[in-house]
Amino acid sequence: MTARRRLPLALRDASFRVRDALHRGVSRNRLDARDLVRPFHGIRSASEPVAVDERARALAPRLRPDQVFSHTTAAAIIGVPLPRRVEQDRRLHVTTIGIDQALRVRGAVGHRAKFGSVRMTIARGVPISTPVDTFVALGTMLTIDELVIAGDALVGWLGWVTIDELRIAVRRRRGMRGVRRLRAALAEIRLGSRSPGETRARLALVRHGLPEPALNHDVVVDGEWVACVDLAFPRERVAIEYESDLHRTDPATFKKDLMRGEHLKDVDWWLVRITADDVGRHVERFVERVRRLLRAGASGAHDRRPAAGSRRFS
């Protein structure tokens, strides 16, 4: 019967510290009962936290007022896309702001930051570093391309910050570890991308010497809107669409994509559909295909409009 005794109302639907429960009169035997899980030392919860925000809420009772979730933990909480190798690391990152000791808890990584260098906000019920400070912290953990993807998300479809805010934050971190990678990433972050796949496609094209495509471009012909495409070379009438698993598994999305392709054909646009493989192991083939289409488009091979200048694609 002891194991089934109801907890105080304030502890029933949240993770809590063992010492707080003891102060409320909960017995040690009740805290050791099998219906409570132990996600972190000194913490009890009614259910096993799985998602990163759930694990953060489980650890949150152990944080002091000068501590925030940071780095990849804060990034994941606000929806920043992260590489799989990072997602597989279940440890939570916590930064102590000021001179006090960093957090030391199994399952967490403690960091320290000077007072004023990291600011706090609240997301999903837990304290985290602000999005701009989170991006700066990622400079110590991600590659340049991974930072570009994160930055595109922050200034693009997530809308947490502006590019200027990122530039100011990086400028203030002169001399810190990872700042060179942050500067290199800033030069390639663009407003307009709507997915990591679109960012990877853009980087693949530019890194192989092709012009930078327009992002989420509205194709308008004779004053009539035709379609919005992920990446485009308007002068050559070449469109690129990145197909995620959603395009394959969702019937409505699949049908919409087919119709978009047909509408583009009707106005003499070429449509290149790509997947993760095309910006990964088959990137050379993808780039060469686009290069050939750009050459043809520049020569007016599929364009019935009067010639209006051309570009060279070597």
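This briefing describes a four-stranded sheet, the helices lying across it, and one buried threonine. The structure is a predicted model. Its sheet is open, with the strands in the order E8-E9-E10-E11 and mixed pairing. Helices H10 and H13 lie across strands of this sheet, while Thr72 belongs to helix H4.

**The sheet**

- The edge positions are taken by strand E8 (214-221) and strand E11 (270-274).
- Each of these two strands has a single partner strand, so one side of each is left without a neighbour in the sheet.
- From one strand to the next, the twist averages 40°.
- Strands of a sheet pair through backbone hydrogen bonds, in either a parallel or an antiparallel arrangement.
- Strand E10 (residues 238-242) and E11 run parallel and are joined by 5 bridges.
- Within this part of the sheet, Ile240 stands opposite Val272 in E11.

**Helices across the sheet**

- Helix H10 (residues 196-207) lies across E8, strand E9 (224-233), E10 and E11.
- The direction of H10 is at about 65° to E9.
- Helix H13 (residues 283-298) lies across E9, E10 and E11.
- Relative to E11, H13 runs at about 175°.

**Thr72 and its surroundings**

- Thr72 is found in helix H4, which spans residues 71-77.
- Thr72 counts as buried because its relative accessibility is 7%, and the cut-off for buried is under 20%.
- Leaving aside neighbours within four places in sequence, Thr72 is in contact with Leu82, Val86, His93, Leu138 and Met141.

Technical notes. Residues are numbered from 1 along each chain as its sequence is written. This is a predicted model: local features need pLDDT of at least 70, side-chain atom pairs count only at pLDDT 80 or more; totals for chains, interfaces and linings use all residues. Side-chain values use heavy atoms; hydrogens and water are left out. Two strands pair if DSSP finds at least two bridges between them. Axes are lines fitted to C-alpha atoms, for helices over the stretch in contact, and angles run from 0 to 180 degrees between N-to-C directions. Contact means heavy atoms within 4.5 Å. Buried means under 20% relative accessible area, exposed over 50%, partly exposed in between (1.4 Å probe, protein chains only).
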